[in-house]
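Please find below a colleague's note on the structure shown here. The remarks are set out as numbered points.

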Amino acid sequence: MKEKKKSDLSVLLGYAGSYKKLTFLGLTLSAIAMILGMLPYICIWLVARDLIAVAPDWTRAADIGKYGWLAFAFSLAGIVVYFAALMCTHLAAFRTASNIRKQGVEHLMKTPLGFFDSNASGLLRNRLDGAASETETLLAHNLADIVGSAAMFIGMVVLMFVFDWRMGAACLFAAVISVAAMFTMMGGKNAKLMQEYQVAQDYMSKAGTEYVRGIPVVKVFQQTVYSFKAFKEAIEDYSKKAELYAADVCQLPQAVNLTATEGAFIFMVPVALFIAPSALASGSFATFVTNFAFYAVFSAIVSTALARIMFAASGMMLASTALGRIAQVMDAPTLEITDDPKEPKDNSIEFKNVSFTYDGADVPAIDHVSFRVEPGQTVALVGPSGGGKTTAASLIPRFWDATDGSVLVGGVDVRDMDPHVLMDRIAFVFQNNRLFKASIFENVRAARPGATREEVKKALSAAQCDDILAKLPNGMDTIIGSEGTYLSGGEQQRVALARAILKDAPIVVLDEATAFADPENEVLIQKAFGALTKGKTVIMIAHRLSTVVGADKIIVLDNGHAIEEGTHKALKAQNGLYSRMWTDYNKAVKWRISTGEAM
Ligand code: ADP
Ligand code: MG
């Protein structure tokens, strides 16, 4: 367990980078502050000694004022140094957390885009951001407290034996008992219980979040909290674990711990009674009384030091789980980037015996698929849902990398290209194109940050967005998702198309959305498609077969296999899957028209 803690810490300090030194400086200052904080107790000892020496002629104790001021100065210095220590550790902690966030985001930038399909971006952000903040407490407070407490403990042991080792030992005995009590609470089989308790707490808070998310459903269906079985069970489990932990594990040790730390001087009384007669006999009674006064006061700080170590230990545990979550992000697979990038020769696309299996899937989503798209050609991928069309298209911009075979752009395997060169060549519009919560202008310009307002406006016009702009309060500068400005699915698709048009890349990969509710949008989107694909090499996934009739080539994907390939005319004549799909499609269209007329 110790081993693991150490490696956690070195992982964390690894993220600190150049701020490691600042952390160490902060820790050193914290140790100094703790020692400074102990010095006033020595002043008290000196005051007591002088007073007892001159008793009852108090006026002769001229130095005690000096000691008083000295005690004050040490306390003040202790506070100032501790403050400086916390400044250092906080600065280092915030920088380290920001390093973690930066490195995490940089790492995510190198992961294949497809990774974000299976890992919701909100969850990733939460994991990274939340975990980074959780490490802050450890670096900013807990470590300084651990080092400070350790320094204090050493100082304590030294002081205990400087004045009177017997009373010192009594004091230390109290400390040992309380440490032993703490270890019974946290160590051995109780560690497991404590972990279970923490897991239950964590689970309850997650279930609580789920419940809050589900409130609309609860309201709509007139349910109560009891209908959220998971939440209710989590609460019950937590209360059971909390009771168990409090009653079985903590009750006795915590009572012993508190008694020993808060009442340390109780151990000193018998020892003092035992020493007193001999001190009286040897004439050193004054020193004896002084020492007793010192240890009685001093034992009070023992509890402070120990309580700090307790808190620090739980901080360690928190940081450890946080680091685990950070590691999950940092361990996400990254795209391999070639050292020797090759330039594509033209704008052709070729699939050579390509297979791809999703992580954890048993069967390939794409199975030995081969086809070629000449520069300037339009090729359509069609087929039943789940056939592998989206997957095939995602392999071109390297959302995923083929498991087998190769995807070539301009005669070069996409993995042998500089990713920037590849991305510059391809504009893609996928079904789930997300728009940022930014102005429409910013959303479109993201495709080409150098574009002027005029160019963005032209792209929006070409994508048939004029009607959208006209109805928005600030036109192109309206922020999507604010002030009740929400775009319908079809409208979002058109803005996404404007983005792709602005990019003006020679290769276009289009995954047509399955359903736009209103036919009006459909007509506009078809026009926008036309503007986007003119003169380009196009791979389009079409759900309405009317859009693929004019394609140079149609590839039918079924269950990951390319089962048919040819022009619309050739495939229709073949009497295979395509011709059946075509018949069905026409029936559907006729049905729509006839019901439309009936209305
Ligand atoms: P299409 O676009 O032709 O409807 P897809 O390419 O989306 O088909 O899906 C092909 C197969 O891969 C399906 O069986 C689907 O369930 C699976 N699949 C798609 N996306 C993922 C994913 N992110 N993770 C795992 N399996 C996936
Ligand atoms: Mg699809």
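The points that follow take up helix packing, the two sheets and the salt bridges.

1. The model under review is predicted. The remarks on local features should be read accordingly.

2. The pairing of helix α6 (residues 165-186) with helix α10 (residues 265-282) comes first in this note. The two axes approach to within 9 Å, and their crossing angle is roughly 160°. Since angles over 145 degrees count as roughly antiparallel, α6 is therefore roughly antiparallel to α10. The crossing of α6 and α10 has a right-handed sense.

3. Which residues make the contact between α6 and α10? From α6 come Arg-166, Met-167, Ala-170, Cys-171, Phe-173, Ala-174 and Ile-177, while α10 supplies Phe-267, Met-268, Val-271 and Ile-275. In this contact of α6 with α10, 10 residues are nonpolar and 1 is charged, with no polar residue.

4. A further helix pair consists of α15 (residues 453-462) and α17 (residues 489-503), whose axes come within 8 Å and cross at roughly 125°. Helices α15 and α17 are therefore oblique to each other. Their crossing, that of α15 and α17, is right-handed.

5. On the α15 side, Glu-455, Val-456, Ala-459, Leu-460 and Ala-462 meet Ala-498, Ile-501 and Leu-502 of α17. The residues of the contact between α15 and α17 comprise 7 nonpolar and 1 charged, and no polar residue is among them.

6. Turning to the sheets, 4 strands are arranged as an open sheet in the order β2-β1-β4-β5, and the pairing is antiparallel. Strands β2 (366-373) and β5 (412-413) occupy the edges; each has a single partner strand, so one side of each lacks a neighbour in the sheet.

7. Within the sheet of order β2-β1-β4-β5, how many bridges pair strand β1 with strand β4? Strand β1 (residues 349-356) and strand β4 (residues 404-409) are joined over 5 bridges in the antiparallel sense. Ser-355 has Asp-404 of β4 as its bridge partner.

8. Another open sheet contains 6 strands in the order β6-β7-β8-β3-β9-β10, and its pairing is mixed. Its edge strands are β6 (426-429) and β10 (561-566), each of which pairs on one side only. From one strand to the next, the twist averages 15°.

9. At one edge of the sheet of 6 strands, β6 runs parallel to strand β7 (residues 507-511), to which 4 bridges join it. Val-429 stands opposite Leu-510 of β7. Helix α17 packs on this sheet and touches β6 and β7, its direction making about 175° with that of β6. Helix α18 (residues 519-533) also packs on the sheet; α18 touches β6, β7 and β8 (537-541), and its direction makes about 155° with that of β7. Helix α17 thus appears twice in this note: in contact with α15, and packed on the sheet at β6 and β7.

10. How many salt bridges does a search of the whole structure find? The search returns 17. One salt bridge links Asp-129 with Arg-101, with 2.5 Å between the closest N and O atoms. Asp-129 belongs to helix α5 (residues 121-163) and Arg-101 to helix α3 (residues 64-110), so this pair ties together parts that lie 28 residues apart in sequence.

Notes. Residues are numbered from 1 along each chain as its sequence is written. Chains are lettered from A and ligands numbered from 1 in the order in which they are written. This is a predicted model: local features need pLDDT of at least 70, side-chain atom pairs count only at pLDDT 80 or more; totals for chains, interfaces and linings use all residues. Side-chain values use heavy atoms; hydrogens and water are left out. Axes are lines fitted to C-alpha atoms, for helices over the stretch in contact, and angles run from 0 to 180 degrees between N-to-C directions. Helices (H or I, at least four residues) and strands (E, at least two) are DSSP runs, numbered from the N terminus. Angles under 35 degrees count as roughly parallel, over 145 as roughly antiparallel, 65 to 115 as roughly perpendicular and the rest as oblique. A crossing is left-handed if the near helix is turned anticlockwise from the far one by less than a right angle, and right-handed if clockwise. Contact means heavy atoms within 4.5 Å. Ala, Val, Leu, Ile, Met, Phe, Trp, Tyr, Cys and Pro count as nonpolar, Asp, Glu, Lys and Arg as charged, and the others, Gly among them, as polar. Two strands pair if DSSP finds at least two bridges between them. A salt bridge is a side-chain nitrogen of Lys or Arg within 4 Å of a carboxyl oxygen of Asp or Glu.
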